[in-house]
Amino acid sequence: MTRIARFCALCGQPLSTLRHSGRLRPYCNACETPVYFDPKVAVVVFIQRGERVLLIQRAVDPGKDKWALPAGFVDYDEAPEAAAIRETFEETHLKVRIDKLLAVYPKRDEGLADIIIAYSATVIGGTAEAGDDAADLGWFNRENLPPLVFYPSITLTNEWREGTLIL
Ligand SMILES: [Zn+2]
């Protein structure tokens with residue numbers, strides 16, 4: 001997705017364009033500051049209990065009505081593990097402990113993040129209830145997985161089904 005900035009976020013002046021650090025970037029002549037568009041970072045959380053995985057049904061687009069692992073954006077000042085715990089709680093009302101870094105994915109589909117960090121986690125408290133951008137949630141075994149959306153959720157769940165995902 002192309003990003004555009006027309007006005008300086010610091011002083012409000014219209015931006016020009018300048019070649020800086022290897023590419024053309026928006027540039028504020030008043031502040032003498034280039035605009036850097038940073039990647040949006042998200043976390044996704046694989047939670048297994050017994051032989052089942054926790055999935056949420058998306059309440060909103062992209063991927064409305066399809067299922068995915070709990071996930072969400074990392075705030076600019078937030079550790080990714082903390083974001084994983086927070087997002088899981090917002091979407092499922094379950095408290096989790098992060099166990100392991102599973103993978104880091106680039107953007108490969110209509111997901112809104114540019115970089116997706118995947119963790120495995122274990123439920124340590126709370127009562128499962130869908131919230132935030134989750135319309136529903138459920139625990140699914142390898143034989144009854146619902147229609148999934150988003151590359152990281154699909155990849156991790158496929159690996160889990162095939163027995164190659166080490167949690
Ligand atoms: Zn400025």
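In helix H1, the buried residues are Ala83, Ala84, Ile85, Glu87, Thr88, Glu91 and Thr92, as found in what is a predicted model. The cover over these buried residues of H1 includes the strands S4, S5, S7 (71-73), S8, S9 and S10. The helix itself has 13 residues, and the path from its first C-alpha to its last reaches 18 Å, which is close to the 18 Å expected at 1.5 Å a residue. Just after H1 comes His93, which takes a positive phi of about 60°.

**The nonpolar core**

Helix H1 (80-92) also gives two or more residues to the largest nonpolar core, a set of 32 residues. Which residues touch the most other members of this core? They are Val43, Val45 and Ala118. Besides H1, the elements that contribute two or more residues are strands S4 (41-49), S5 (52-58), S6 (67-68), S8 (94-106), S9 (115-126) and S10 (134-140). Among these contributors, S4 gives the most, with 6 residues.

Ala118 deserves a separate look, and its neighbours within four places in sequence are left aside here. With that restriction, Ala118 is in contact with Val44 and Phe46, with Leu102, Ala103 and Tyr105, and with Pro152 and Leu156.

**Pairing of the strands**

Strand S9 pairs with S4, to which it runs parallel, and 7 bridges join the two. Within this pair, Ile47 has Ala121 of S9 as its bridge partner. Strand S9 also pairs with S8, but here the sense is antiparallel and the pairing extends over 11 bridges; one position to look for is Leu101, which stands opposite Tyr119 in S9.

A further group of strands forms an open sheet of 3 strands, in the order S1-S2-S3, with antiparallel pairing. Strands S1 (16-20) and S3 (33-34) stand at the edges of this sheet, and because each has a single partner strand, one side of each is left without a neighbour in the sheet. The pairing of S1 with S2 (residues 23-28) is antiparallel and runs over 5 bridges, and in S2 the bridge partner of His20 is Arg23.

The table sets out the strand pairs for which bridges have been given above.

| Strand pair | Direction | Bridges |
|---|---|---|
| S4 and S9 | parallel | 7 bridges |
| S8 and S9 | antiparallel | 11 bridges |
| S1 and S2 | antiparallel | 5 bridges |

How values were computed. Residues numbered from 1 in each chain as written. Predicted model: local features only at pLDDT ≥ 70, side-chain atom pairs only at ≥ 80, totals over all residues. Core = buried A, V, L, I, M, F, W, Y, C linked by C-beta atoms within 7 Å. Buried ≥ 20, exposed ≤ 12 C-beta atoms within 10 Å, placed from the backbone. Helix = DSSP H or I, 4+ residues; strand = E, 2+ residues; numbered from the N terminus. Contact = placed C-beta atoms within 7 Å. Pairing = 2+ DSSP bridges. Expected span 1.5 Å × (residues − 1).
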